[in-house]
Structures are given as C-alpha cells and as structure tokens.
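Trainee: I am new to this structure. Please take one part, the aromatic residues, and go through it closely, together with whatever surrounds it.

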Amino acid sequence: MTSRLTQALLASALILGLAGCDSPPAPDAAAEVAQPQAGQAAAGQAKPPISKFKAYTRRFEGEALLTQSHATGHVGDLFFTHWKDGGEASFKLDEQGNFRIDWVGGDYNYVGGPGWERGDRNRVIGYHLNEDSGASYVTLYGWGYNKDMDPSDPAHLVEYYVVQRGVRTPGQGGEEGVSFTSNGVEYTTIRTVRREKPSINNTATFYQYWSRPKEQLPLGQDHKIIFADHVAAWERNGWKLPDMDNFDASDDPTYQVFAVEVFMVEKGGTVSGRVWEEAP
C-alpha cells in the first residue's frame with residue numbers, strides 16, 4: 001500500500017473496537033459484523049494460527065461488515081485485509097467472494113479486499129466488477145518477505161501490484177522494465193522503492209513491483225489474472241520476489257488479495273464485485 005499501519009484489536013460479541021499499537025496513530029472505530037455464529041472459534045482453527053498478528057480478528061461465517069481502522073481475518077475460507085489511516089471507508093464481504101467497498105473522499109489512504117493469507121506465484125484469480133466509481137487502484141496486491149536477507153537490501157521485502165483499473169498512474173517515477181502480454185492484456189513492469197515506510201514488517205525500506213495495463217479492464221465482465229506471468233516478467237528484469245508463503249513478518253502474513261486502494265481522493269465512491277480462485 002502507499003502507506004501501512006497496524007492497530008491492535010479488542011473483540012466483543014458483535015462489535016470490534018481497535019486499540020492503537022506502535023505504528024502511527026489512526027482513529028478507532030467499530031466493526032459491524034453480520035450473522036456471527038457460535039462455531040467461529042473452532043472453525044478458525046482449521047487454518048494455520050495467525051493470531052500472532054495484532055490486527056487479526058477472527059473467522060466470520062456468512063457475511064462481515066468492517067469499518068474499523070485495521071483488521072484482517074477470514075470470512076469463511078476467504079482471507080481479507082481492511083486498512084485505513086483515517087477517513088471513512090467500509091468493507092462488506094461474504095463467503096462466496098462478493099464484496100463491496102464504500103469510501104468518503106478525503107485526505108487519507110485506504111486498502112482492502114478479499115483473498116488469501118498466503119501468497120502463491122502460481123495462483124490464478126478470477127474476478128467480476130459491477131461498479132468502480134473512482135478508486136485509485138483496483139489491483140491484485142500482496143507482499144513477499146525473506147527474513148534471512150539483509151534488511152538494508154530493498155529486495156528482502158516487496159509490495160506488489162497487478163493493476164486492473166484506477167484513476168492514478170501506477171509506479172510514477174519508477175524504473176520501467178519489460179512489457180508483456182498475459183491473458184490478452186498488455187502490461188508494462190515498473191519498480192519503485194519505499195524508504196523507511198510502514199509495511200507488514202514494521203517500518204522498512206522495500207521495493208514495489210508494478211504491472212500496469214495498457215488500458216483499464218472493463219466493468220461487467222469476467223477477467224482472469226495469471227499471477228505467474230507477472231512474476232516471470234518481473235524476474236526477467238532481475239527483480240526477484242521473496243517468499244510469499246510465510247508468517248515471518250511482524251505485523252501481517254505475506255497475504256495476496258484482490259484489493260481496492262483509495263489514496264487522497266476528493267470524491268466518495270464504491271467498488272463492488274466478486275473474486276474467486278481458478279485452477280492453474
């Protein structure tokens with residue numbers, strides 16, 4: 001994300017309130033949850049335990065509506081992240097991958113979306129967007145991290161974007177790499193660096209890898225992202241993606257989600273649709 005923040009969570013039966021942690025402060029708010037069920041605690045044990053991360057909430061069944069500053073968790077088997085450093089934004093998600101993100105315009109950053117708590121370079125993501133009224137980016141988004149690499153090397157931690165739509169130009173001022181075509185879409189690769197910024201592993205210096213489409217992908221159609229094509233293109237530039245399947249970072253796992261990012265927008269808006277995983 002353009003910036004990162006971690007908040008601690010205090011859970012109650014129907015409302016989740018967040019308490020601040022060591023990251024820069026953000027306003028606390030309530031999370032509203034639809035249809036919580038008594039069996040959630042046991043269901044949460046079906047996945048590897050990720051309660052070590054302060055922002056992790058729980059596993060919800062049915063549907064969840066999240067409004068607080070920072071939360072990760074599961075709705076059914078789908079992982080989600082929901083993060084903002086201010087402002088007003090909400091994220092609604094059900095077990096079938098149907099989601100809706102609403103925001104109010106303002107001077108803040110929001111990133112959220114459904115996906116998976118472990119990244120996979122061979123994952124194929126399907127999605128269908130019903131609405132997009134001005135998100136900065138609609139993108140496949142995630143992290144890679146190698147705790148054994150020199151932390152002064154930005155390649156030890158990578159934030160990546162496979163952009164599909166957006167009102168901002170991705171990777172401005174970055175190093176441009178190869179162009180390639182995946183599933184009929186032409187992309188250009190870009191690498192930027194973030195210096196001493198919040199991340200999934202505290203404040204760090206890290207790379208961002210971008211795949212920028214030549215044209216925005218249209219609404220109202222099914223689309224497919226073949227992530228292995230993007231990893232291969234980045235690697236043709238000599239840009240290696242570190243481990244995307246670990247819980248070694250301090251603040252979040254190396255998740256992979258279909259995300260909506262809203263950054264310093266003047267107008268409110270909505271992105272809605274559905275996300276699913278396809279067979280490779």
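**Aromatic residues and their surroundings**

Mentor: Searching the whole structure gives 20 aromatic pairs. One of them joins Tyr141 and Trp143, whose ring centres are 6.4 Å apart and whose planes make an angle of 80 degrees, an edge-to-face arrangement. Keep in mind that this is a predicted model. Tyr141 counts as buried because its relative accessible area is 0%, under the 20% cut-off. Trp143 is buried too, likewise at 0%.

These two rings belong to one aromatic cluster, whose other members are Phe79, Tyr137, Tyr161, Phe206, Trp210 and Tyr255. Several of these names come back below.

Start with Phe79. Phe79, in strand S7, is the bridge partner of His74. Strand S6 (residues 70-75) and strand S7 (residues 78-84) run antiparallel and are joined by six bridges. In general, the strands of a sheet pair through backbone hydrogen bonds, in a parallel or an antiparallel way.

S6 and S7 are part of an open sheet of ten strands with mixed pairing, in the order S4-S6-S7-S10-S18-S12-S13-S16-S15-S14. Its edges are S4 (56-60) and S14; each has a single partner strand, so one side of each has no neighbour in the sheet. On average, neighbouring strands in this sheet are turned by 25 degrees against each other, direction ignored.

The sheet also has a helix across part of it. Helix H2 (residues 227-236) lies across S12 (137-145), S13 (157-165), S14, S15 (185-198), S16 (203-213) and S18 (256-265). Against S14, the helix runs at about 145 degrees. A residue of that edge strand shows some of the contacts there. Ser182 lies in S14, which covers residues 175-182. Ser182 is buried because its relative accessible area is 3%, again under 20%. Leaving out residues up to four places away in sequence, Ser182 touches Tyr187, Ile226, Asp229 and His230.

Now Phe206, another member of the cluster. The loop between S12 and S13 holds Pro154, and the C-alpha atoms of Pro154 and Phe206 are separated by 4.0 Å although the two residues are 52 residues apart along the chain. Beyond four places in sequence, Pro154 touches Val193, Thr205, Phe206 and Tyr207. With a relative accessible area of 13%, Pro154 is buried.

Tyr207 has a charged partner as well: Arg191 lies over the face of this ring, at 4.2 Å from the ring centre. A second such case is Arg118, which lies over the face of Phe247 at 4.3 Å from the ring centre.

The nonpolar cores give another view of the aromatic residues. In soluble globular proteins, nonpolar side chains tend to be buried together. The largest core here has 46 residues, and Phe99, Trp103, Phe227, Trp234 and Leu241 touch the most other members. Apart from that core lies another one, of 23 residues, including Tyr56, Tyr137, Tyr145 and Phe206. Tyr137 and Phe206 are therefore members of the aromatic cluster and of this second core.

A further strand pair is worth noting. Strand S17 (residues 222-226) has His223 and Ile225 on its covered face, and Asp222, Lys224 and Ile226 on its uncovered one. S17 pairs with strand S11 (residues 124-132) in the antiparallel sense, over five bridges. Within this pairing, Gly126 stands opposite Lys224. Ile226, on the uncovered face of S17, is one of the residues that Ser182 touches.

Two residues stand out by their backbone. Most residues other than glycine have a negative phi. Asn202, in the loop between S15 and S16, has a positive phi of about 60 degrees. Met264, in strand S18, has a positive phi of about 55 degrees. Asn202 is partly exposed, with a relative accessible area of 45%, and Met264 is partly exposed at 41%.

Last, the chain as a whole. The chain has two helices and 19 strands, and 55% of its 280 residues are buried. Of the contacts between residues at least 6 apart in sequence, 67% join residues at least 24 apart. The contact between Pro154 and Phe206, with their positions 52 residues apart along the chain, is an example of such a pair.

Technical notes. Residues numbered from 1 in each chain as written. Predicted model: local features only at pLDDT ≥ 70, side-chain atom pairs only at ≥ 80, totals over all residues. Heavy atoms only, no water. Helix = DSSP H or I, 4+ residues; strand = E, 2+ residues; numbered from the N terminus. Buried < 20%, exposed > 50% of the residue type's maximum accessible area, 1.4 Å probe, protein only. Contact = heavy atoms within 4.5 Å. Phe/Tyr/Trp six-rings, centres within 6.5 Å; stacked < 30°, edge-to-face > 60°. Lys NZ or Arg CZ within 6 Å of the ring centre and 35° of its normal. Pairing = 2+ DSSP bridges. Axes fitted to C-alpha atoms, helices over the stretch in contact; angles between N-to-C directions. Core = buried A, V, L, I, M, F, W, Y, C linked by side-chain atoms within 4.5 Å.
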